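The following paragraphs walk through a structure, from one aromatic residue outward to its packing. Please keep the sequence and the coordinates at hand.

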Amino acid sequence: MDILVIWLLITPLFFAFGWFAGRIDMKVVLKQAKQLPQRIFDGLDALVDNKTGIASDELKQLIEQEPQLIDPQFSLGRLYRKRGENDLAIKLHTKLLASQYVMSNEIKDKIRLELALDFQKAGLIDRAESILIQLMNSNLYSHQALEMLLLIYQQDKNWGDAIETAKKLANSDFSFHTEVAQFNCELAQEAIIKSSLIKAQEFAQTALETNRKCVRANILLGEVFYNLENYADAIQTWQAIEKQNYQYLPLIMDKMFDAYLRLNKTKECITLIKGYVTLYPKLNMHDFVYQKLTSYDSPESTLEYLRTAMLHTPNAKIAALLIDARVNALETQDGKRDAEQIKNILLKYNSKLSSYSCGCCNFKSKTFFWQCPACYSWESISPNNTES
C-alpha cells in the first residue's frame, strides 16, 4: 500500500519535470534563433535571387562583425571563386588559416583544401600542388587531395605523376585502368613525336596490359610498326581494333590502306573495306570508302555502296557523294552545274551539323578528342561523328 502511494506521488513529478525541461529547451532554441545575425538571412535572400555581389558583401560584413563564425567564411570563399575573385578567396582562406578561432587540425585541413582550390582556379598550379601534397596524409581530405592532384597532373600533362596518383586512388569500386592506360598512351604519343619508337612501343604495350580494350594503344602500336616500315605487323595490330571497338575503325582506315598499298595489296584492302561497310553500315567513313572504290574498283561497285549506305544511314554527305558519282552521266552542262551546286550545299549542310559528341556532358566538337575538354572524361567522345 505504501509503495502504491509513493508511485502515485512520483509519477506526476516525472511529467512535470519533462514539461519543464521541454520549456527550457524551446526557450534556448528561440533565444539562439533570435541571436542569428540578420545578415545571414540577407545573404541567403541575395543568393536565391542570384545577386552574388550583394550576397558576398553581406557575408563579408557578417564575418567582420562575427570573426569566430567559420562556416560563413567557407561560403564566402566559394562565392569569391564562383565570381572569379580568386585573389579575394586566397586572402580570405590565408587569414582564416592563421585565425585564433581555428584550433582543430580537421578544420585547418579543410581550409588548406579550399586554399588549394583557390590557387588552382587562379592558375597558380605549383602552389596548389604543394598544399595538396601536404594533404595526402590528412585523415579526412587525403582522397579529395589526390583527386585534385590527378586533375592538375592531367592539365599539366605530367603523365608520370598522373599514373602514380591514379594508382593511389584505385580501389575495389574504381580501378582507374582506363585512365592509366590513356596516360601511358599520352607518353607513347610524345615518344613517337620525338622518334623514340622503342619507348613508344613500351608505353603502348603497358597501356594494353593495363586495359586490353584500349583502342588507342593499338592505334599507336600500329603507328610504331608503320614508322619502322613493318607494315604487316601494323596492319595486324590495326585489324585487332575491330574486336576491341569497331566504332574506332574510321580513325585508322586511311593509314591502314597506305600500309596495304606499300605491300602492293590494294585488292586485299578493298575486300577488307567492303567487309567492314557490310558488317558496320552505320560507320561514318563514307568519304574514305567512296574515294577508294572510285580509284580501285568499278563504278557499279561504288554506286552499290552509296545506295546501300543511303538506305541504312540517309544523310547529306551520302547524298552529295551519290550526286558526285552520277554527275558525269548528265548530258548537259547546265545539269552538271546544277548538280555541283546541290552537292556543295549538301556538303556544307553536313559539315555544319556533323560533330563528335561526349556521352558524359554532351560536349560537341568538330575535332575528335580522347579526353573531353569540358568534363575531362576519357574515351567518352564517340569516334563516329554524325549529323545531329
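Tyr226 is buried, at a relative accessible area of 9%; buried means under 20% relative accessible area, exposed over 50% and partly exposed in between, with a 1.4 Å probe and protein chains only. This is a predicted model, in which local features need pLDDT of at least 70 and side-chain atom pairs count only at pLDDT 80 or more, while totals for chains, interfaces and linings use all residues. Residues are numbered from 1 along each chain as its sequence is written, and side-chain values use heavy atoms, with hydrogens and water left out.

Rings of Phe, Tyr and Trp (its six-membered ring) pair if their centres lie within 6.5 Å; planes under 30 degrees apart count as stacked, over 60 as edge-to-face and the rest as tilted. By this rule there are 13 aromatic pairs. In one of them, the ring centres of Tyr226 and Trp238 are 6.3 Å apart and the planes are at 35°, so the pair is tilted. Tyr226 belongs to helix H12 (residues 215–227) and Trp238 to helix H13, so the pair ties together parts that are twelve residues apart in sequence. Helices are DSSP runs (H or I, at least four residues), numbered from the N terminus. Trp238 is also buried, at 2% relative accessibility.

For Phe368 and Trp370, the ring centres are 5.1 Å apart and the planes are at 80°, so this pair is edge-to-face. Phe368 is buried at 17%, and Trp370 is buried at 16%. Ring pairs link both of these residues with Tyr248 and Tyr356 into a cluster.

Helix H13 (231–239) is also among the elements that cover the buried residues of H16, together with H14, H15, H17 and H18. H16 (residues 266–279) has 14 residues and reaches 20 Å from its first C-alpha to its last, close to the 20 Å expected at 1.5 Å a residue, where the expected span is 1.5 Å times one less than the number of residues. Its buried residues are Thr266, Cys269, Ile270, Leu272, Ile273, Tyr276 and Val277. They fall within an arc of 160° seen down the axis, so they line one face of the helix; the arc is that of the directions from the helix axis to the C-beta atoms. On the other side, Lys267, Thr271, Thr278 and Leu279 are exposed.

Ile273 is also, with Leu132 and Met256, one of the residues that touch the most other members of the largest nonpolar core, which has 82 residues. Such a core is a set of buried Ala, Val, Leu, Ile, Met, Phe, Trp, Tyr and Cys residues joined through side-chain atoms within 4.5 Å.

Note on methods:
Helix = DSSP H or I, 4+ residues; strand = E, 2+ residues; numbered from the N terminus. Contact = heavy atoms within 4.5 Å.
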